[in-house]
Amino acid sequence: MLFTFTVTSKVREEYINIDSLVEEALGKSGVKEGIMTIFTPHTTAGITINENADPDVTRDLVYGMNMTFDNKKEYRHAEGNSDSHMKSSLTGASETLIIEGGQVIYGTWQSTYFAEFDGPRDRKVHIKVIEG
């Protein structure tokens, strides 16, 4: 089963917790055992799993990405967002989660995040739930 959601970012770069979307797709699917893939079809965004206990972690991720991939004047991409493409390539466009006993298996502090690198924008997130 495929579920499509819209995620709206408010600033150029942020990590948005999408656990509620993951849970909604799982609940609607009725799947008790299987996998789910979360995918975003954008070249300047990503999907990642990281800590949910301390909001400074996502702030530090934004800061660290910007320190690692600042937007240099030497970049030739006409849209001026080459740094966003690099961050997206590093993060990746998807994650796969295991479903066991009707629940997603996460580590103690883990959550799923939509990573925005070129906002603010409305973005799509597709969640495919597969029984098995």
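## A friendly note on the cores, the sheet and one aromatic pair

1. Let's start in the middle of things. The largest nonpolar core holds 21 residues, and those touching the most other members are I18, M36, I38, F114, V125, I127 and V129. Please keep in mind while reading that this is a predicted model. Several elements feed this core: β1, α1, β3 (34–39), β4 (45–51), β5 (94–100) and β8 each supply at least two residues. The top contributor is α1, which gives four. As background, nonpolar side chains in soluble globular proteins tend to be buried together.

2. A second core lies apart from this one; it has seven residues, among them F69, Y113, A115 and F117. F117 comes back in point 7.

3. V129 is worth a look in your viewer. Setting aside residues within four places in sequence, V129 contacts M1, F3, A25, S29, V31, I35, M36 and I99. One of these partners, S29, belongs to helix α1 (residues 19–29). With a relative accessible area of 11%, S29 counts as buried. A polar atom of the S29 side chain lies 2.7 Å from the backbone oxygen of L26. Beyond its neighbours within four places in sequence, S29 is in contact with M1, F3 and V129.

4. Now the sheet. Which order do the strands take in the open sheet? There are five, arranged β1-β8-β3-β5-β6 with antiparallel pairing. The edges are β1 and β6 (103–104), each of which pairs on one side only. Helix α1 packs on this sheet, touching β1, β3, β5, β6 and β8, and its direction makes about 160 degrees with that of β1.

5. At one edge, β1 and β8 run antiparallel and are joined by seven bridges. Within that pairing, T6 has K124 of β8 as its bridge partner. The two faces of β1 (residues 2–8) are easy to tell apart: F3, F5 and V7 make up the covered face, while L2, T4, T6 and T8 make up the uncovered one. In general, side chains in a regular strand alternate between the two faces of the sheet. At the other edge, two bridges pair β5 with β6 in the antiparallel sense, and I99 stands opposite V104 of β6.

6. T112 is a polar residue to check. T112 sits in strand β7. Is T112 buried or exposed? At 0% relative accessibility, T112 is buried. The side chains of T112 and Y106 are joined by a polar contact of 2.8 Å. Not counting residues up to four places away in sequence, T112 touches I16, N17, I18, D19, V22, I38, I47, T48, I49, L97 and Y106.

7. Finally, the aromatic rings. The model has one aromatic pair. Why is this pair called edge-to-face? The ring planes of Y15 and F117 stand at 85 degrees, with centres 6.1 Å apart, so the pair is edge-to-face; the angle needed for that label is over 60 degrees. Y15 lies in strand β2 (residues 14–17) and F117 in the loop between β7 (110–116) and β8 (122–131), so the pair ties together parts that are 102 residues apart in sequence. Y15 is buried at 11% relative accessibility, and F117 is buried too, at 1%. Both fall under the 20% cut-off, so both count as buried.

Key: Residues are numbered from 1 along each chain as its sequence is written. This is a predicted model: local features need pLDDT of at least 70, side-chain atom pairs count only at pLDDT 80 or more; totals for chains, interfaces and linings use all residues. Side-chain values use heavy atoms; hydrogens and water are left out. Rings of Phe, Tyr and Trp (its six-membered ring) pair if their centres lie within 6.5 Å; planes under 30 degrees apart count as stacked, over 60 as edge-to-face and the rest as tilted. Buried means under 20% relative accessible area, exposed over 50%, partly exposed in between (1.4 Å probe, protein chains only). A polar contact is a pair of N or O atoms within 3.5 Å; within protein, one must be able to donate a hydrogen and the other to accept it, and residues adjacent in sequence count only if both atoms are side-chain atoms. Contact means heavy atoms within 4.5 Å. Two strands pair if DSSP finds at least two bridges between them. A nonpolar core is a set of buried Ala, Val, Leu, Ile, Met, Phe, Trp, Tyr and Cys residues joined through side-chain atoms within 4.5 Å. Axes are lines fitted to C-alpha atoms, for helices over the stretch in contact, and angles run from 0 to 180 degrees between N-to-C directions.
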